[in-house]
Amino acid sequence: MASTFVNWLRSPAAREYFFSTHFWGPVANWGLPLAAIADLSKDEEVISGPMTTALASYSLVFMRFAWRVQPRNYLLFACHATNATAQLTQEYRFVNYWYRGGKERKEQEKLAAGSKGKVMQAIEAAQAEPPATSK
């Protein structure tokens, strides 16, 4: 199997493929799913619902295109399948945070853990200082 692949790599068909848009288009397109995967670790508050919906829809449409075009472009299909999965995961996180009580749960967890905002910390620090005595 490996020798068949190596023989194909040396063939004119491989050169034609690697110098075509069937290869370089999907390679350039991989920036979208890589960015979406990197964003999965970010806070839900920064997720844009409309943009995430647009990117998921875009990838779903182009998944179909990559499947229907002849010859089938499996690299483009894999790219858009990865992006659609990541964007739909982001969409779930967005809806859960803004519409299904995720924001309130996160705020309650912060309060339970004792983490306070910078303003509250400054107020408590000012109250804890002994009053200045005048001489």
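Let's start with Asn83, which is buried, with a relative accessible area of just 1%. Please keep in mind that this is a predicted model. From Asn83 we can move on to the largest pocket, with about 210 Å³ of space, and then to the place where helices H6 and H7 meet.

**Asn83 and its surroundings**
- Asn83 sits in helix H6.
- Leaving aside residues up to four places away in sequence, Asn83 touches Leu32, Pro33, Ala36, Leu55 and Ser59.
- Asn83 counts as buried because its relative accessible area of 1% falls under the 20% cut-off.

**The largest pocket**
- The space in the largest pocket comes to about 210 Å³.
- There are 14 lining residues, and those closest to the pocket's centre are Asp39, Thr52, Leu55, Gln87 and Gln90.
- Helix H4 (31-39), helix H5 (49-68) and H6 each give two or more residues to this lining.
- H4 provides the largest share of the lining, with four residues.
- Sorted by class, the lining holds seven nonpolar, five polar and two charged residues.

**Where H6 meets H7**
- The axes of helix H6 (residues 74-99) and helix H7 (residues 102-113) come within 4 Å and cross at roughly 70 degrees.
- That angle makes H6 roughly perpendicular to H7.
- On the H6 side the contact involves Asn96, Tyr97 and Trp98, which meet Gly102, Lys103, Arg105 and Lys106 in H7.
- By class, this contact of H6 with H7 brings together two nonpolar, two polar and three charged residues.

How values were computed. Residues are numbered from 1 along each chain as its sequence is written. This is a predicted model: local features need pLDDT of at least 70, side-chain atom pairs count only at pLDDT 80 or more; totals for chains, interfaces and linings use all residues. Side-chain values use heavy atoms; hydrogens and water are left out. Axes are lines fitted to C-alpha atoms, for helices over the stretch in contact, and angles run from 0 to 180 degrees between N-to-C directions. Angles under 35 degrees count as roughly parallel, over 145 as roughly antiparallel, 65 to 115 as roughly perpendicular and the rest as oblique. Contact means heavy atoms within 4.5 Å. Ala, Val, Leu, Ile, Met, Phe, Trp, Tyr, Cys and Pro count as nonpolar, Asp, Glu, Lys and Arg as charged, and the others, Gly among them, as polar. On a 1 Å grid over the protein atoms alone, a cavity is a set of points where a 1.4 Å probe fits but cannot get out, and a pocket is an open set with protein on both sides within 12 Å along at least five of seven lines; lining residues have an atom within 4 Å of a point. Grid points are joined across faces, edges and corners, and a volume is the space filled by probe spheres set on the points. Buried means under 20% relative accessible area, exposed over 50%, partly exposed in between (1.4 Å probe, protein chains only).
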